[in-house]
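Biologist: Please take me through this model, and tell me the grounds for each term you apply to it.

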Amino acid sequence: MPTRRASIPATKYPVERFTLDNGLRVVLTPDRSAPVIGVAVVYDVGIRSEPEGRTGFAHLFEHLMFQGSENLEKLAHFRHVQGAGGTFNGSTHLDYTDYFETLPSNALERALFLEADRMRGPRLTEENLRNQVDVVKEEIRVNVLNRPYGGFPWLTLPPVMFDTFPNAHDGYGSFDDLESATVADAADFFRRYYASGNAVLAVSGDIDVTEATALIERHFGDVPARPAPQRPDFAEPDLTAERRHSYTDRLAPLPAVAGAWRVPDPVTDFAGYLPYVVLAEVLTDGDASRLVERLVQRDRTVTSLGGYLGFMGDPFDVRDPTALLLQAHLPPGGDVDKVLRTVDEELDRLATDGLTEGELARTQARMATHLLRDTDAVLGRALRMAVLEQQRGEPGLLNELPRLVGEVTEEQVRAAAATLRPQRRASIEVIAGGAR
Amino acid sequence: MTATAETATRPLPPLGPNRRLKLPKQAERTLDNGLTVIAVRRPAVPLVELRLWMPFGRAHLARGAMLAQTMLAGTAELTANQIAAELQKVGGGLSAGVDPDRLMLSGAGLVTGLDRMLEILADVLTGATYPGDWVETERDRLVDRIQVAQSQPAHLARTALLKRIYGRHPYAVQTPEPDQVRAVRPPVLRKLHSERVHPAGAVLVLVGDVQPERALDAAERALAGWGGDGHSADLPPAPPLEPGPLLLVDRPGSVQSSLRLALPAVPRTHPDHAALQLANLVFGGYFSSRWVENIREDKGYTYGPHSLVEHSVAGSVLVAGAEVATEVTAPALLETMYELGRLAALPPKPEELEQARQYALGTLQLGMSTQAGLASLTSAYAGNGLRLDFLAEHAARLAKATVDDVAEVAARYLAPARAVTVVLGDAERVAEPLAALTAVRTESA
């Protein structure tokens, strides 16, 4: 059967951008196919910006943004969103923190009001702070301390790969640091980072652009203007010698390993970065991918496998420095060294012999499906476009991604594979302390 | 109004008029072989979602799990890698999963690849070969996965709860033992496939950028040749809950306790269902509920408490769960019983009901607004004998439920006296405080 390249379709979501006088950047992307909207506010501050001695503070502060604001009592935000038929959340990333709602479109003005109100100022009280420190500690217990593989590898690999505090520290935070946090710290963090000039608002879905623009002016126009702080340089040099650490996880029944290699700057060298995004999928997406075929099916040295860009799996919303990661769980008694050696061998083979016929095209077609599927959710569009605006000034890139991924060539993928050498690799091994 | 008052308080903007629930364009056909196909149009992105629901009640647990694990491992035409690669070519993918009700094949791909995806689906349904080397590999992988699951508190708590609720019913055990998995060989998989993977009673759902009638034609072309008259098996009705002492499952050294409460519930079509859904929301079914506001936002005992009515073919149950710090296990249970009791004994406030109602109606709209959401909803409904038009009926019931209706169902279904309670945690530290509140029976994990 001749290999025929599936033609890669694109979305045509319209994009409107403007900036309010107070520096707030706005992205609107209307789509009237369903009576729902997504509203996202993204602040240009994340885990990398938290001060030493205050690990976990960016995330703790995210919780405090839900505890009441200028005109809203504690609990009011939740009740107003859900009482309008919507859902909400927030999340803290390495380079940004997002706050978002998805609602029936008759709640547009209410959602804008809620976001504007906390942009003017959250209610930072001792009682709310202590309550949310307790809640965050339970979050860390659920996600890290009380389960096997907690924090693997997103919290356990960065300290192997990086040397500076912003890149290496635990973004969930130590209990000591969380308990030491004060209301004054929070007020200071808000003043510095939660400035109108440091934020992007995106609204997607069932909106009329003129009407939405007027509502945004009405609610955000008088948020006091504060400029964005200077973003520090978080750059670190690439590794020149392999780094390898291990630790015992007392709950883990199977060994596991994750390895990471630095990749080109995702923002300033997007063309150089994209081949790595494709490479991760060539290596690990599905039963027909190279590493699954070799490690899971042929050698049986690995029981599950994943490959992706960014410590939080965020290929298009992270800045430099970042990495391509591979992670694997091994069968009982599995040999991590052997797995790493085989990965090196497969990368070599890919760099030397290239791809098989149709291998790249089918991987790209599958990636297009994933990208399109993510944008089908109205909130996914608002969040993605807000971050693309914040980090690149280019929210419309969302429409272009399937095509750009499809234009990556075999030569580029081979060249990318050739850079993933053992001496540039940082890896972390989980020793199965809970093996029976 | 004075100028000061104006700057001090900004009023909350009112909501615009509610948008009417609008059902998407759809078509349905039952093929000669008994397969029902439902196609739904949502053209937002150029993709198609696929869900094939096959009744699978009473299937052997380990064999069923292994069948799902190896169904896509090869046919007479294609090897496992070729199946995966051929699907990838059209941006597609398929995966198989089982639960005590059904076997499900699901996936998504570029809409231009629909015919090819259906062709491969048909090949798998009519000719999966269960090759020996793959079965061997996947057997080991499944055992590994079960071991990882068994090290997770959420899984252990769920396992203990199901056993406690369902006793001898097939729902009681949903994860096979490693030894049972190790005993599975290709011939029994081929036999199970020929007995249970057949079109009668199965429902295929296609949702996306399709013309519904044409999607039905495509499905008919590809799947008309799928036959087989294997047997089906009816599940007995789930037994009623039998309250008793709190079951404490010991997990030494646990830094949190997993608290689970099961309460009676009714199927989607029952006249009490809408009011029960609203009562559950007021209690603990969303963030702005009494339980979450109490044990998270007031007391800080937990991160994500949740309460949900779970629907299965043989019965429905309401399950409330929270992971709480070990030292506040008993206080968290006390607050939980208090909130259940308060709702069972006293009517909710009208504004609490309105807020829950808006949430229930709004999230119906949100759930329908993506291809994937619409596909999963259509498939879950169809597996339980319902169609999308039930949404409109359900929305009307939600809109009509009164404070009295909700108070009445809360008294009947949410009464703490009717709860089955399981706690997984460090017995040495939590048994005594829990025993101060209720009778406790302790087991090891």
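Modeller: The model is a predicted one. In chain B, the secondary structure comes to 17 helices and twelve strands.

Biologist: How do you know that the radius of gyration of chain B agrees with that of a compact globule?

Modeller: The globule rule is 2.2 Å times the number of residues to the power 0.38. For 445 residues this gives a radius near 22 Å, and chain B has 24 Å, so the two agree. Its C-alpha atoms fill a box of roughly 70 × 60 × 40 Å along the principal axes. Buried residues make up 51% of the 445 residues in chain B.

Biologist: What makes chain A as compact as a globular protein of its length?

Modeller: Chain A has 16 helices and eleven strands. Its radius of gyration is 23 Å, and the rule gives 22 Å for 436 residues; the values are close, so chain A is as compact as a globular protein of that length. The C-alpha atoms of chain A fill a box of roughly 60 × 55 × 35 Å, taken along the principal axes. Of its 436 residues, 56% count as buried. Among contacts in chain A between residues at least 6 apart in sequence, 82% join residues at least 24 apart.

Biologist: Why is Leu215(A) called buried?

Modeller: A residue is buried if 20 or more other C-beta atoms lie within 10 Å of its own. Leu215(A) has 20 C-beta neighbours inside 10 Å, and therefore counts as buried. This residue is found in helix 9 (residues 209-220) of chain A.

Biologist: Which residues is Leu215(A) in contact with, leaving aside its neighbours within four places in sequence?

Modeller: They are Leu108(A), Glu109(A) and Leu112(A). In addition, the C-alpha atom of Leu215(A) is separated by 9.0 Å from that of Phe113(A), and these two residues are 102 residues apart along the chain.

Biologist: What makes a set of residues a nonpolar core, and how many residues has the largest one?

Modeller: The members must be buried residues of the nonpolar kinds, joined through C-beta atoms within 7 Å. The largest such core has 273 residues, and those with the most contacts inside it include Leu201(A), Ala382(A), Leu206(B) and Ala219(B). Helix 10 (residues 270-284) of chain A provides the largest share of this core, with nine residues. Leaving aside its neighbours within four places in sequence, Leu206(B) is in contact with Ala39(B), Val48(B), Leu50(B), Ala215(B) and Ala219(B).

Biologist: What makes up the contact between the two chains?

Modeller: Chain A gives 64 residues and chain B gives 62 residues. On the side of chain A that touches chain B, helix 13 of chain A gives the most, with ten residues. By class, this side of chain A has 27 nonpolar, 22 polar and 15 charged residues.

Biologist: How do you know that the domains of chain B touch, and where do they lie in the sequence?

Modeller: The domain assignment of chain B gives domain 1 (26-223) and domain 2 (246-444). Two residues are in contact if their C-beta atoms lie within 7 Å. By that test, 27 residues of domain 1 of chain B are in contact with 24 residues of domain 2 of chain B. Helix 6 of chain B gives the largest share, eight residues, of the side of domain 1 that touches domain 2. That side divides into 18 nonpolar, three polar and six charged residues. The C-alpha centres of the two domains lie 30 Å apart.

Methods: Residues are numbered from 1 along each chain as its sequence is written. Chains are lettered from A and ligands numbered from 1 in the order in which they are written. This is a predicted model: local features need pLDDT of at least 70, side-chain atom pairs count only at pLDDT 80 or more; totals for chains, interfaces and linings use all residues. A residue is buried if 20 or more other C-beta atoms lie within 10 Å of its own, exposed if 12 or fewer, and partly exposed in between; C-beta atoms are placed from the backbone. Helices (H or I, at least four residues) and strands (E, at least two) are DSSP runs, numbered from the N terminus. Ala, Val, Leu, Ile, Met, Phe, Trp, Tyr, Cys and Pro count as nonpolar, Asp, Glu, Lys and Arg as charged, and the others, Gly among them, as polar. Domain bounds come from an automatic or database domain assignment.
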